Amino acid sequence: MPRPAPDTIAFTVDGLEVNAPAGMMLADAAKLGDVEIPVFCYEPKLGEPVGACRMCLVEIEGIPKLQTACSTPVRDGMAVNTQTARVKEAQEAVLEFLLINHPLDCPVCDKGGECPLQDITYGWGPGRSRFIEPKRHFVKPLALSPLIAIDRERCILCYRCVRFSQEISEDYQLVLQERGADSYVSTFDGHPYVAPFSGNIIELCPVGALTSQPYRFRARPWDIEGSGSVCLGCPGQCNVEYTVRDERVLRVLSRQHDGVDDGWLCDRGRFGYQSFHVDERVTHPLVRVDGELIPVAWDRALDEAAAALGGAGSDSGALAGGKTTNEEGWLLQELFRGALGSPNVDSRADGMLPRELHAALHAPALQATVPDLEFAHAVLVLDCEPVDDQPSLDLRIRKGVRRNGVKLAVASSRPSSLDANAAAVVRYAPGAGEAFCAALNGALGESDAGPGSATRKGVVEELAEAAGADADAVRALAAVLADAGEDVVIVYGERLTHGARGEDAARALLNVCGRVAEAGHDGAGLLEVPAGTNGRGLREVGVLPNAAPGLAPVSPVGLASAELGASAAAGAISALYLLHVDPLRDLPGRATWRAALQRADHVIAHADFLSEGLWEYATIVFPAESYAEKEGTITHPDGRVQRLRPAIARPDAVRAEWNVIADLSKRLGHDVSVLSGAMASARVFEAIPFYAGLTLDELGGRGLRWPARPAAAGWPAADTGPFGLETPPHAPTPNGALRLGTFRSIWAAQEVEVAPALKFLRQRQRAELHPVDAERMGLAHGDRVTVGSNGSRVQATVVLRSGVPEGSVFLEAGIAEESASELDGGGLVEVSPQ
Amino acid sequence: MTGPTILFEDIDERGLNTIDVYRRRGGYESLRKVLTTMQPSEVVDELMASGLRGRGGAGFPSGRKISFIPKVDVDKYLVCNADESEPGTFKDRELMQKSPHMLIEGIVIGAFAAGATKSFIYIRGEYVEQADIIDAAIVEAREAGFLGENILGSGFGLTLHLHRGAGAYICGEETGLLDSLEGKRGNPRLKPPFPANQGLYQGPTVINNVETLATMPHIIKMGGAEYAKIGTETSAGTKLVSVSGNVQRPGNYEIELGISSREIIYGLAGGPPEGRAVKMWFPGGSSSPVLTGDDLDIAYDFNTLAQAKSMLGSGAIIVVDDSVPVVSVALKLAKFYKHESCGKCTPCREGTRWTVSMLERVDQGLATPMDLDIMASVQEQIIGNCLCVLGDAMAMPIGSMVAKFRDEFEAHIEAARARNPWAGEGPPDPDPVLVQGASGA
Ligand SMILES: Cc1cc2nc3c(=O)[nH]c(=O)nc-3n(C[C@H](O)[C@H](O)[C@H](O)COP(=O)(O)O)c2cc1C
Ligand code: SF4
Ligand code: SF4
Ligand code: SF4
Ligand code: FES
């Protein structure tokens, strides 16, 4: 969809000639002439203006009534006055009206000092009020949710929070109750407002009516400093500003970046900061002595680690979790490849993808960006659930559908919260992503005019059946993509390319992409949702068993993570190095990994918390930095290299991790000569041809998309298809058992378990079932069940969801207890009542 | 003379609410003429020629309104505004109760002219009996082929649904009505976009009052030019007026626009009871600025009333005689608007509440004449600054009362202060009943 490129027009504001894009709202256009028009309800992020507060009234020559600047687009030749007596009178009137029911308890209000109502009252208010009657009273404050307190007396009824809930996050929970002066903000049924993005309303509220429970009364604006960085919670990499007081992060705000986050944060990113400062955090190096991890001095920990690694030599392997920076990842592979001669480094969870396919899937010519989702003709969400896997994308997709009429198609095994917004939905069996892509490819081929591309009759039926999907639904989805227009974006989850057949799935996906999106066409292509925050960056800096930095070929090829686990379990690996990853928590195949960790002589980990696997099996633990302490770079799924900047000092004995890895490398005889964080970044930019010439300064606070720079020519050439496809395997037939699907919810995260404010969201295992299956098994919503396969089992509570495909059950992975990774994914499981 | 009767010609005919009687009286013949012999643009031309202006309050030329509907190929809608909640207004009720088919016929004609294929009647929730009558009439009309697909073989089709409101005055404001009809909270929308471009479900929408639509069959029957001869040059036709208050014969009357107001209030409605004089009157519903006994001879039409700084509005005349204190009228009125303010925009939400508080103090002897200046200024601060005109609808009449009856207000304040032992002690403590939300979030 072509993006609007408005003409520039000229208008005057208070006699000053100003140029502005045509159609820009006056409230914004006036700023271009350094004229501020006060606003309360206007917030462009929320979509169309509502004109509720009436604060922005201005005089436009030729129009008798005052007009709201927030909803009046500028036109050429318009003459606007914001300083006339009439305007002043109206501004004073609106402020007087707003304040008559406002408690003016600024001295005890969290917003005091950073409150638009205060500021605008000082700037534009009448100075004194003529109102002597009793004010409206409410009981206050009340808990709108465990995270948000509401003070209804302070509310100026600007509608922002309600509009956010109704039109941005579309959780439809907040409403205005009652009418007129009795109106108040509430959830419809009085239940707490718990939703993935609820915290945004705190930032939106122009007064102290909505305050953060964890931040309440922790600081005043003159006690704090803001420090910009990037959230490492998920691949969304939202830009944040930490509110810091005395080396503690007390709050996280959005640092709006339209190319990344659109100015929103999810609640995990917003409230997870408490995890930086909890007692459970590891802040000293630990070494296991007599079965127990005890704090030791750095030298001892480093010496022991160096000895262990040196002894293991190439019988070692390293895994990097998603929160690893590019610098740490690059240093890690230097340590392993350079110092130990071990090719075993990986950052992917499951299986090896040929280097050429990595190159094809992420080729700059096929790379779609986050803003593309907003302006595409059609978006296919494939094998991922944005709200869980990369929450910020969920809002962006909703925005495109709501505001620009983007046609949305959803294909997944687990029902998606985007289904309701989609023009076409296909459900397929868990793990059958490859078969679905092949079926979709076939269905798209049927409608292609070219004789060569026509699909054999019945093929779509066969492939759809293999995927456990409905062939007509696949065709309907294909039609949505084919008919929408040339800008088609496919958002797919990395999990599609995981596992033994990930390679085939990637080829099928590339074929689909080739049919709906033209390579090199701006606004169309692929956008991956990596499994880890910096998944893309880690692959690019060479944390792959089959690719060196810059995705260059390597030989020999190392073991991928699952093979490494199996090899270690078989006793062939002496030292395992775990950088921000606990295999028992983060990787599939728990049983194998348990054996691997038990069997390896040395398990060296960088961690901020001792999750189960580390607590039980790590032999050496280096304290990891929290992400507010880190410096370095990470790479967004759309290729934007972003810079992390430390907001607070590292507590206790915590050292920079780049420094720890570089130190180990040096001790092992491979001196990488990295003496500062900036040097580490410089080395990364040097080592990777397509990052060539980047500097930290150039990245600045907004980052840079490398695929849009000339150095992108350094990306390895790749064949993007079409490929011949093998017949995909048939999804297993349940025959009384159920197919197991897994997912990881937005709340399945360490932060949620340790941050006091988020603990209430901690996930307990639930088995999502279709009501028909449940009835057949005599199960009801809320029943406790055991889900088992091959001797391993997990306890769960039944949750009935009619969107779950019949014959499947979904369990959550990545949680502390009863995680689905206990079972074999993709296989069949038995569900039995307890 | 009150002129010709058009809408009320047969109004008291027994059984007029049934399709048989209505048709025997010539009903649905205009529709037949429209659908079998006219193009939509010709219907619009007739409406333009008739000079018909909206009967719902704003008096906008009805033909022009339909002509604004874009001629694009999307679903278009016609919505009949039967919310009739303006205090003093009860004309649509009688029309709908006694002659529902006249309205339905008007709706089909209006929809044909606008190219709308879906239509709705939004009726106020309290009109239970009228709603049942309309529902029955819709069934009859559908069975007789005047609604549904391919009406009278013309190829034109129209669906009509009745939607019952839940008792909010603001849902009579056209955009609040649309939101309510869409199942949302009934809040007015920002304009532009106007309903003609983006109305119901974002589609082009014509919204007309019951009386406006019910007049359309008659215009078709007599021809626009003929209709325009009735009334005055700028206020063509007849108008239903609802006369209430201190009059001896309250009720609905059909008058020719332009006759003298005295003729309506005294001639038709019998004037105030013996021995009483008209103190003030609302010419066009409770939202219109009041006129006094001195204004009784002005002509009752859109322009003359506007020149007198009031308005014809919905055509509801409320007469107040000299036995009623102006303060009690003002207070009752302000309370109504405070209760009905939707709360979306600041001046109306807060200004109506403030005005009520001030008037209560006036009434309780807790005010001083200075408060009248504040009250007048608050009304000025509301007028023209709101999102919809409900705020103005309180501020204009209250402002006019304070201006025209200042002496009486001041005397009231003095008398009340003399009665009230607490006078001068400042405002009373907050009423604990006002403390809300005690039960949780
Ligand atoms: C607060 C408010 C209430 C209104 N109530 C009604 C009503 O009950 N019935 C009505 O026909 N118009 C009402 N209107 C006027 C409508 O907004 C609209 O102008 C009218 O329905 C248009 O129809 P007409 O052109 O046929 O008059 C109201 C307007 C406002 C501001
Ligand atoms: S709570 Fe805040 S954001 Fe919500 S309506 Fe009130 S003032 Fe606006
Ligand atoms: S969406 Fe992801 S990056 Fe953004 S705030 Fe949430 S966890 Fe952080
Ligand atoms: S003027 Fe009153 S009724 Fe109209 S939008 Fe504003 S608050 Fe609502
Ligand atoms: S900012 Fe324009 S009306 Fe609120």
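Two strands are said to pair if DSSP finds at least two bridges between them, and the exercises below apply this idea to a predicted model.

**Exercise 1. Find how β5 and β9 of chain B pair, and over how many bridges.**

Solution. Begin with the residue ranges: strand β5 of chain B covers residues 238-245, and strand β9 of chain B covers residues 316-321. Next, look for bridge partners, and you will see that B:Val243 is matched with B:Ile317 in β9(B), while B:Gly245 has B:Val319 as its bridge partner in β9(B). The two strands run in the parallel sense, and their pairing extends over 4 bridges.

**Exercise 2. Place β9(B) in its sheet, and decide which strands stand at the edges.**

Solution. First write down the order of the open sheet, which has 5 strands and reads β6-β5-β9-β7-β8 in chain B, with mixed pairing. The strands at the edges are β6 (251-256) and β8 (291-292) of chain B, and because each has a single partner strand, one side of each is left without a neighbour in the sheet. Then turn to the other pairing of β9(B): strand β7 of chain B, residues 278-282, joins β9(B) in the antiparallel sense over 4 bridges, and here B:Met280 stands opposite B:Val320 in β9(B). Finally, consider the surroundings of β9(B), where 5 of the 6 residues are buried, so this strand is largely enclosed by the rest of the structure.

**Exercise 3. Describe the side of chain B that touches chain A.**

Solution. Start with the contact itself, to which chain B contributes 33 residues and chain A contributes 42 residues. On the side of chain B, the helices α13 (326-340), α14 (346-364) and α15 (369-382) each supply at least two residues, and α14(B) gives the most, with 9 residues. Sorting that side of chain B by class gives 13 nonpolar, 13 polar and 7 charged residues. For the complex, the predictor reports an ipTM of 0.93 and a pTM of 0.95.

**Exercise 4. Work out what surrounds ligand 4 and ligand 1, and where ligand 1 lies with respect to the domains of chain B.**

Solution. Take ligand 4 first: its shell has 14 residues, and the closest are B:Cys342, B:Cys345, B:Cys348, B:Cys388 and B:Leu390. The elements that give two or more residues to this shell are α14 and α16 (390-404) of chain B, and by class the shell divides into 9 nonpolar, 3 polar and 2 charged residues.

Around ligand 1 there are 25 residues, of which the closest are B:Gly54, B:Gly56, B:Gly172, B:Asn209 and B:Thr212. Here β4 (205-209) and α16 of chain B each give two or more residues, with the largest share, 3 residues, coming from β4(B). The classes are 9 nonpolar, 10 polar and 6 charged. Since domain 1 (19-228) and domain 3 (326-425) of chain B both give residues to this shell, ligand 1 lies between them.

**Exercise 5. Identify where in chain B pLDDT stays under 50.**

Solution. Consider the chain as a whole before its parts: the mean pLDDT of chain B is 94, and 95% of its residues reach 70 or more. The stretch to mark is residues 432-441 of chain B, where pLDDT stays under 50, although the model has 22 contacts beyond four places in sequence for these residues. Where pLDDT is low, the predicted coordinates should not be read in detail.

Terms used:
Residues numbered from 1 in each chain as written. Chains lettered and ligands numbered in written order. Predicted model: local features only at pLDDT ≥ 70, side-chain atom pairs only at ≥ 80, totals over all residues. pLDDT = per-residue confidence, 0-100. Contact = placed C-beta atoms within 7 Å. Buried ≥ 20, exposed ≤ 12 C-beta atoms within 10 Å, placed from the backbone. Nonpolar A, V, L, I, M, F, W, Y, C, P; charged D, E, K, R; others polar. Near = placed C-beta within 6 Å. Domains from an automatic or database assignment.
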